[in-house]
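Work through these exercises with the structure open. Each task is followed by a solution in steps.

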Amino acid sequence: MRKPYKYQEKAIEKGIKSSATLIDAACGTGKSLMASQIAIGKGKPTMIITPKNIVSDFVEELKA
């Protein structure tokens, strides 16, 4: 697994503590990494809504 940057760590921490999280960021900023780490950190079923062509990115992040 890649180590998150500081700005990603802050978003991950906030996302884990929040009941709902929206990650609105530019391409290449690590949204898949942040979302997967938030889902893992919550430790319960989590819904991630994303375009169909990005699903494989999330699967790879979760496997890592």
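**Exercise 1.** Decide whether A11 is buried, partly exposed or exposed, and place A11 in the fold.

Solution. In this predicted model, A11 has a relative accessibility of 27%. Buried would need under 20%, and exposed would need over 50%. A11 therefore counts as partly exposed. Next, the location: A11 is found in helix α1. Now the contacts. Leave out residues up to four places away in sequence, and A11 touches M34 and I38. Last, a distance. A11 and Q37 are 26 residues apart along the chain, and their C-alpha atoms are separated by 9.9 Å.

**Exercise 2.** Find the place of T21, classify its accessibility and list what T21 touches beyond four places in sequence.

Solution. Start with the location: T21 sits in the loop between α1 and α2. Its relative accessible area is 40%. That value lies between the 20% and 50% limits, so T21 is partly exposed. Set aside residues up to four places away in sequence. T21 then touches G15 and I38. I38 is also touched by A11. For a longer step along the chain, take T50, 29 residues from T21. The C-alpha atoms of T21 and T50 are separated by 13 Å.

**Exercise 3.** Which helix holds S32 and S36, and are these serines buried or exposed?

Solution. Take S36 first. S36 lies in helix α2. Its relative accessibility is 0%. The cut-off for buried is under 20%, so S36 counts as buried. Turn to S32. S32 also has its place in helix α2. At 15% relative accessibility, S32 counts as buried because the value is under 20%.

Now compare contact lists, leaving aside neighbours within four places in sequence. S36 is in contact with F58, E61 and L62. S32 is in contact with I54, D57, F58 and E61. F58 and E61 appear in both lists. Finally, check S32 against I54. These residues are 22 places apart along the chain, with 8.6 Å between their C-alpha atoms.

**Exercise 4.** Describe the largest pocket: its volume, the residues closest to its centre and the make-up of its lining.

Solution. Begin with volume. The largest pocket holds about 580 Å³ of space. Its lining has 27 residues, and those closest to the centre are I23, A35, I48, I49 and F58. F58 is familiar from the contacts of S36 and S32.

Next, the helices. Both α2 (31–42) and α3 supply at least two lining residues each. The largest share comes from α2, with six residues. Then sort the lining by type. It divides into 14 nonpolar, nine polar and four charged residues.

**Exercise 5.** How many aromatic pairs are there, and what is the geometry between Y5 and Y7?

Solution. Apply the distance rule first: ring centres must lie within 6.5 Å. The count comes to one aromatic pair. Y5 and Y7 form an aromatic pair with centres 6.2 Å apart and 5° between the planes. Stacked requires planes under 30 degrees apart, so this pair is stacked.

Then classify each tyrosine by accessibility. Y5, at 57%, counts as exposed because the value is over 50%. Y7, at 45%, counts as partly exposed.

**Exercise 6.** Where is confidence highest and where lowest in the chain?

Solution. Start from the average. The chain has a mean pLDDT of 89, and 98% of the residues score at least 70. Go helix by helix next. Confidence is highest in helix α1 (residues 6–17), at 96. Confidence is lowest in helix α3 (residues 55–63), at a mean of 83. Keep that in view for the pocket, as α3 supplies at least two residues of its lining.

Notes. Residues numbered from 1 in each chain as written. Predicted model: local features only at pLDDT ≥ 70, side-chain atom pairs only at ≥ 80, totals over all residues. Heavy atoms only, no water. Phe/Tyr/Trp six-rings, centres within 6.5 Å; stacked < 30°, edge-to-face > 60°. Buried < 20%, exposed > 50% of the residue type's maximum accessible area, 1.4 Å probe, protein only. pLDDT = per-residue confidence, 0-100. 1 Å grid on protein atoms, 1.4 Å probe; cavity = no way out; pocket = protein on both sides within 12 Å on 5 of 7 lines; lining within 4 Å. Points joined across faces, edges and corners; volume = space filled by probe spheres on them. Nonpolar A, V, L, I, M, F, W, Y, C, P; charged D, E, K, R; others polar. Contact = heavy atoms within 4.5 Å.
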